[in-house]
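Open the model in your viewer and follow the stops below. Each one says what to select and what to look for.

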Amino acid sequence: MIGPGVLPARAGIGLRSGHVSELLASRPPVPWLEVHPENYMGGGRAGASLEAVRLDYPVSLHGVGLSLGTAGALDRRHLGRLRTLVDRLDPCLVSEHLSWSTVGGAYLNHLLPVPYTEETLAVVAEHVDQVQEALARPILVENPSSYLRFRHSSIGEPQFLAELARRTGCGLLCDVNNIYVSAWNVGHDADAYLGALPAAAVAEIHLAGHAVNDADGRAILIDDHGSPVPPPVWALYRKALERFGAVPTLVEWDANLPELEVLLGEAQTADGILAEAAHRQGHVRAA
Amino acid sequence: MFALRDVQDLFREGLLGELSPALIDLVEDDGLDPRARLAVYRHHVLTTLTATLEAAFPVVCRLVDSRFFAYAADAFIRQILPAGPCLDEYGAAFPDFLATFEACRQLTYLPDVARLEWAIHRASQAPAGEPLDAAQLARVAPADMTRLRFVPNAGLAYLASPWPVDAIWRAHRDESQALPDLYAGSVRLEISPSAEGVRIRSLHRESFAFRDALARGNTLAEAVESVPYLDLTGAIRSILDDNIFDTFTMPTEEDA
């Protein structure tokens with residue numbers, strides 16, 4: 001299991017290419033940063049910038065391309081490129097998603113849903129084992145945002161993640177916005193979801209904003225990371241901290257990328273909530 | 001019950017084409033039509049890949065307007081998906097696709113503008129070239145010189161076009177200049193990464209043929225053969241000055 005001391009139990013930001021130059025020029029006191037490794041695998045200028053960032057900040061690699069839930073074999077070339085980047089950067093954490101995106105050698109550029117069955121569990125567990133062996137470290141696996149449920153799913157999503165963590169020793173990345181979005185879209189109970197995740201396995205939390213779209217006259221929430229974290233997600237975050245303790249937290253923002261200052265402000269808000277939670281837990285432990 | 005692979009095959013078909021009854025039947029119907037739920041995924045895949053192509057081909061997008069570009073991109077994406085998750089590498093086949101896309105066949109210069117944009121896109125991500133080791137080159141025995149092969153910088157590309165594509169690209173890069181004379185004549189361009197960004201240079205016929213032949217992996221002798229009237233000493237000196245080749249490989253026994 002990844003110890004909570006590896007990354008500070010503070011709030012960092014997802015670093016996107018539009019902010020890299022400003023961050024390198026101003027070096028703001030953000031506790032840690034997370035990047036998508038797929039944007040840096042070609043080396044070149046982007047890779048050099050990331051190495052410069054790594055000199056001053058703890059960095060986590062948050063992959064979107066391993067396709068852990070693909071029915072076929074993992075893309076060995078992609079895994080090799082990830083390993084090269086991990087060796088070069090020595091990130092504090094490496095994480096991926098409970099989803100698939102590759103089939104028949106084609107990449108669909110989305111974190112697509114898997115049915116939660118025993119077959120899928122065996123496939124994902126085998127892939128997580130392969131990744132952890134290749135990288136010689138445990139990874140975290142993130143809960144997806146869902147827009148549908150498969151009729152033949154036989155396992156609940158948090159139970160699936162708990163069993164995956166038990167079988168493989170991987171940690172979990174609890175995306176609170178994804179829980180909120182999925183709860184709305186497919187009708188599960190967000191509080192019960194938090195309660196079903198194994199607290200000891202959760203080593204990171206994600207926060208983000210979402211869009212509200214119309215689908216045939218009914219609201220559907222889209223996990224677009226394109227706006228501030230909304231109040232109900234902050235509320236769920238407080239509950240998550242009560243359950244999991246003060247774990248490193250990340251604010252993601254991808255679409256409609258704001259000024260860096262705005263994103264740092266969101267992280268400071270999360271940092272304040274984290275500090276309150278840590279303080280409360282200190283009191284509880286002392287009592 | 002459907003096996004995971006069957007689900008994923010149905011999903012891929014449904015995202016890029018018609019939603020099959022089998023796929024719709026897999027999705028829980030809780031009052032919101034499964035087709036509306038599947039449309040969320042389809043919309044994301046198509047819009048994000050279109051945005052990826054727009055980022056790599058901004059001038060092509062301006063030349064045809066964004067609505068036509070989205071139409072062409074949609075057709076391309078349904079034909080050729082990314083081979084992997086590094087999206088900076090997606091779009092290499094888009095220029096050839098445009099050359100066969102009936103709806104823009106009258107824009108005969110468009111595929112070459114797209115080829116130039118792809119070369120610029122790749123060069124912009126590559127590191128600037130380092131000087132080739134001239135001292136090491138000087139130590140190569142004269143008998144071996146003709147069998148040397150040069151290894152090009154990542155991001156080096158050569159493009160010959162009957163259209164003034166560099167002028168078209170510059171005119172539309174910032175939308176501030178008028179379209180140049182389309183019949184200004186052919187160009188032979190070298191696109192390479194530089195410390196300042198990307199360097200686009202217009203080359204003479206001989207120099208273009210020589211450098212292009214070397215960049216394609218030909219030996220020095222083969223490259224010279226394709227350019228009968230070349231000042232070889234000057235040509236080698238200039239490729240050293242321009243930092244376009246990272247290194248060279250010595251001939252092996254098999255080459256001998």
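The tour starts with a whole chain, then visits a helix pair, a chain interface and two loop residues.

**Stop 1: chain A as a whole**

Keep in mind that this is a predicted model. Select chain A and colour it by secondary structure. Nine helices and 12 strands appear. The radius of gyration is 18 Å, close to the 19 Å that the globule rule gives for 287 residues, so chain A is as compact as a globular protein of that length. Its C-alpha atoms fill a box of roughly 50 × 45 × 45 Å along the principal axes.

Now look inside. Of the 287 residues in chain A, 51% are buried. Take the contacts in chain A between residues at least 6 apart in sequence: 77% of them join residues at least 24 apart.

**Stop 2: two crossing helices**

Select residues 176–186 of chain A, helix H6, and residues 231–244 of chain A, helix H8. How do they cross? Their axes come within 9 Å, at roughly 120 degrees. An angle over 115 degrees but not over 145 counts as oblique, so H6(A) is oblique to H8(A). The crossing is right-handed.

Show the side chains next. From H6(A), pick A:Val176, A:Asn177, A:Ile179 and A:Tyr180. They meet A:Pro232, A:Val233, A:Leu236, A:Tyr237 and A:Ala240 in H8(A). The residues of this contact divide into eight nonpolar, one polar and no charged.

**Stop 3: where chain A touches chain B**

Bring chain B into view. Here 40 residues of chain A are in contact with 39 residues of chain B. On the chain A side, select helix H2 (44–56), strand S5 (100–103), strand S6 (106–112), helix H4 (118–135) and strand S11 (218–222); each gives two or more residues. Which element gives the most? S6(A) does, with six residues. Colour the chain A side by residue class: 20 are nonpolar, 12 polar and eight charged.

**Stop 4: two loop residues with positive phi**

Go to A:Arg27. This residue sits in the loop between helix H1 (17–26) and strand S2 (33–35) of chain A. Its phi is positive, about 45 degrees, although A:Arg27 is not a glycine. Is A:Arg27 buried or exposed? It is exposed, because only 12 or fewer other C-beta atoms within 10 Å are allowed for that class and A:Arg27 has 11.

Finish at A:Asn256, in the loop between strand S12 (249–251) and helix H9 (260–286) of chain A. A:Asn256 is not a glycine either, yet has a positive phi of about 50 degrees. With 11 C-beta neighbours inside 10 Å, A:Asn256 counts as exposed.

Key:
Residues numbered from 1 in each chain as written. Chains lettered and ligands numbered in written order. Predicted model: local features only at pLDDT ≥ 70, side-chain atom pairs only at ≥ 80, totals over all residues. Helix = DSSP H or I, 4+ residues; strand = E, 2+ residues; numbered from the N terminus. Rg over C-alpha atoms; globule rule 2.2 N^0.38 Å. Buried ≥ 20, exposed ≤ 12 C-beta atoms within 10 Å, placed from the backbone. Contact = placed C-beta atoms within 7 Å. Axes fitted to C-alpha atoms, helices over the stretch in contact; angles between N-to-C directions. Parallel < 35°, antiparallel > 145°, perpendicular 65-115°, else oblique. Left-handed = near helix turned anticlockwise from the far one by under 90°. Nonpolar A, V, L, I, M, F, W, Y, C, P; charged D, E, K, R; others polar.
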